[in-house]
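Here's a quick briefing to read alongside the model. Have the viewer open and follow the residue numbers as you go.

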Amino acid sequence: EEKDVRPLILWASQTGTAKKFAKHLYAALDGPKRCVLHSLQEVSAQTVARHMRIYVVCSTFGCGRPPRGGELFYSLLQLEAQRCKENYEDLSECGADEADSSSKPLQGQEVAIASLGSSAFQKQHIAKFGFGLATELQSLGATMIKEVMTIDAAKGKTEQKESFRRWENMVVDMEK
């Protein structure tokens, strides 16, 4: 199946900030003409697998958990990553020359993540969901095109917006 060249923007938000930022990125990339926007709550794994480039804007809830709207997607992603790992190990045990990395469902996809959190809570959990999401996506074959960007709400709304704008500008430049 041919990949959709339009970038997919995904968001998961507890308070609405990540959603607002994702919508701003969607507008900056000329909306429906040039990209696709979905909540992690409403997107399927098949939709994610169809896109060449994926941008995620997500928040972290509590002690490093996904926001409610991202819990099911994250759980399904973890299950798929575990299934792929077990299949790889089975191939290795059966004497296969090499486990075929192209069989990973997100092979060839590029991902960038802006992860919101707050260092005012427990610092070891700031933006933890975004980092966990990056790990799972990579285990399924995706490539991180930039390191996960941590956006710290404890630094104030102005700094939070400025941090996101820096990440957004990087994304817009890549899509030119």
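Leaving aside neighbours within four places in sequence, which residues is L10 in contact with? The list is H38, L40, V43, V48, I54, Y55, V56 and V57. Keep in mind that this is a predicted model. From L10 we'll move to the nonpolar cores, then V43, then the surface and the charged pairs.

**Nonpolar cores**

- L10 is one of the residues that touch the most other members of the largest nonpolar core, a set of 26 residues; L40, V48, I113, L133 and L137 are the others.
- At least two residues of this core come from each of β1 (8-12), β3 (53-59), α4 (68-93), β4 (110-117) and α5 (128-139).
- Helix α4 gives the largest share, with 5 residues.
- Another core lies apart from this one; it has 19 residues, including A18, A22, L29 and A112.
- As background, nonpolar side chains in soluble globular proteins tend to be buried together.

**A closer look at V43**

- V43 sits in a loop, with β2 (36-39) on one side and α3 (45-49) on the other.
- Is V43 buried or exposed? V43 counts as buried because its relative accessibility is 10%, and the cut-off for buried is under 20%.
- Not counting residues up to four places away in sequence, V43 touches L10, H38, V48 and F73.
- H38 and V48 also turn up among the contacts of L10.
- V43 and G70 are 27 residues apart in sequence, and their C-alpha atoms are 9.9 Å apart in space.

**Nonpolar surface on the outside**

- L72, L76 and L79 make a nonpolar surface patch of about 330 Å².
- L72 belongs to helix α4, the helix that also supplies 5 residues to the largest core.
- Why does L72 count as exposed? Its relative accessibility is 61%, and exposed means over 50%.

**Salt bridges**

- How many salt bridges does the count come to? The count is 8.
- As a general point, side chains of opposite charge can pair when their charged atoms come close.
- R65 pairs with E71, and their closest N and O atoms are 2.1 Å apart. R65 is partly exposed at 43% relative accessibility, and E71 is partly exposed at 27%.
- R83 and E80 form a salt bridge at 2.4 Å, N to O. Both lie in helix α4, 3 residues apart, which is about one turn of the helix. R83 has a relative accessible area of 40%, so it counts as partly exposed; E80 falls in that class too, at 25%.
- R166 makes a salt bridge with E159, with the closest N and O atoms 3.3 Å apart. R166 is partly exposed at 45% relative accessibility, and E159 is partly exposed at 25%.
- There is also a network: R53, E110 and E175 are joined by salt bridges that share partners.

**Where to look in α4**

- For a tour of one element, pick helix α4 (68-93). Helix α4 holds L72, which is exposed at 61% relative accessibility.
- The salt-bridged residues R83 and E80 are in helix α4 as well.
- On the core side of the story, helix α4 supplies the largest share of the largest nonpolar core, 5 residues.

Conventions. Residues are numbered from 1 along each chain as its sequence is written. This is a predicted model: local features need pLDDT of at least 70, side-chain atom pairs count only at pLDDT 80 or more; totals for chains, interfaces and linings use all residues. Side-chain values use heavy atoms; hydrogens and water are left out. Helices (H or I, at least four residues) and strands (E, at least two) are DSSP runs, numbered from the N terminus. Buried means under 20% relative accessible area, exposed over 50%, partly exposed in between (1.4 Å probe, protein chains only). Contact means heavy atoms within 4.5 Å. A nonpolar core is a set of buried Ala, Val, Leu, Ile, Met, Phe, Trp, Tyr and Cys residues joined through side-chain atoms within 4.5 Å. Patches are made of residues with over 30% relative accessible area and no salt bridge: like charges are joined within 9 Å, nonpolar side chains (Val, Leu, Ile, Met, Phe, Trp, Tyr) within 5 Å. Accessible areas come from the Shrake-Rupley method with a 1.4 Å probe; for residues, only the protein chains shown count as cover. A salt bridge is a side-chain nitrogen of Lys or Arg within 4 Å of a carboxyl oxygen of Asp or Glu.
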